[in-house]
Amino acid sequence: MTTGSSSPDGRAARESTDWGTRSLLRAVNEQVTRIGASANGQIEFDYVCECADSTCFTSVRLPRSEYARITATAGWFVVADGHGMPEEHVVEDGPGYLVVTRESD
Ligand SMILES: [Zn+2]
């Protein structure tokens, strides 16, 4: 097993799953976290579902600390309950949301 951070960016990604959209969603969600960080008192935020459907804008509510913990792991995505794809593996099952990752590499 090798550790280290090999980037998948160098490969031509032509798969059914739109990972570019996911990167965009992740950027949006990180912005949510940043805005939230400056707002006092609120610990739960509405993040955008990070499922493979690029037209999905379902909001997923979870604590900011949870979102930060989950997204600290590369390849983990927060999706609304039931939004996981068959090729994805559910790593955590939270209240109203799932944490999924790809099964391959
Ligand atoms: Zn979704």
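**Close-up views of a predicted model**

Among contacts in the protein between residues at least 6 apart in sequence, 35% join residues at least 24 apart; two residues are in contact if their C-beta atoms, placed from the backbone, lie within 7 Å. This is a predicted model, in which local features need pLDDT of at least 70 and side-chain atom pairs count only at pLDDT 80 or more, while totals for chains, interfaces and linings use all residues. Residues are numbered from 1 along each chain as its sequence is written.

**View 1. The whole chain reads α-β-β-α-β-β-β.** That makes two helices and five strands. Helices (H or I, at least four residues) and strands (E, at least two) are DSSP runs, numbered from the N terminus. Of the 105 residues, 18% count as buried, meaning that 20 or more other C-beta atoms lie within 10 Å of a residue's own, with C-beta atoms placed from the backbone.

**View 2. How sure is the predictor?** The mean pLDDT, the predictor's confidence in each residue from 0 to 100, is 81 for the protein, and 73% of its residues reach 70 or more. Among the elements, strand β3 (residues 77-80) has the highest mean, 96, and helix α1 (residues 19-38) the lowest, 78. Over residues 10-14 the pLDDT drops below 50, and this stretch has one contact in the model beyond near neighbours in sequence. Where pLDDT is low, the predicted coordinates should not be read in detail.

**View 3. Strands β1 and β2 pair up, antiparallel.** Five bridges link β1 to β2 (residues 59-63); two strands count as paired if DSSP finds at least two bridges between them. F45 stands opposite L62 in β2. On β1 (residues 44-48), F45 and Y47 make up the covered face, whereas E44, D46 and V48 are on the uncovered one.

**View 4. Three strands form an open sheet in the order β3-β5-β4.** The pairing is antiparallel. β3 and β4 (88-94) are the edge strands, each pairing on one side only. Six bridges join β4 to β5, and V90 has V100 in β5 as its bridge partner.

**View 5. Here is the largest nonpolar core, with 15 residues.** Such a core is a set of buried Ala, Val, Leu, Ile, Met, Phe, Trp, Tyr and Cys residues joined through C-beta atoms within 7 Å. Y47, V60, L62, V78, V79 and Y97 touch the most other members. β1, β2, β3 and β5 (97-102) each give two or more residues to this core, and β5 gives the most, with four. Leaving aside residues up to four places away in sequence, L62 touches E44, Y47, Y67, V78, G94 and Y97.

Definitions and conventions. Buried ≥ 20, exposed ≤ 12 C-beta atoms within 10 Å, placed from the backbone.
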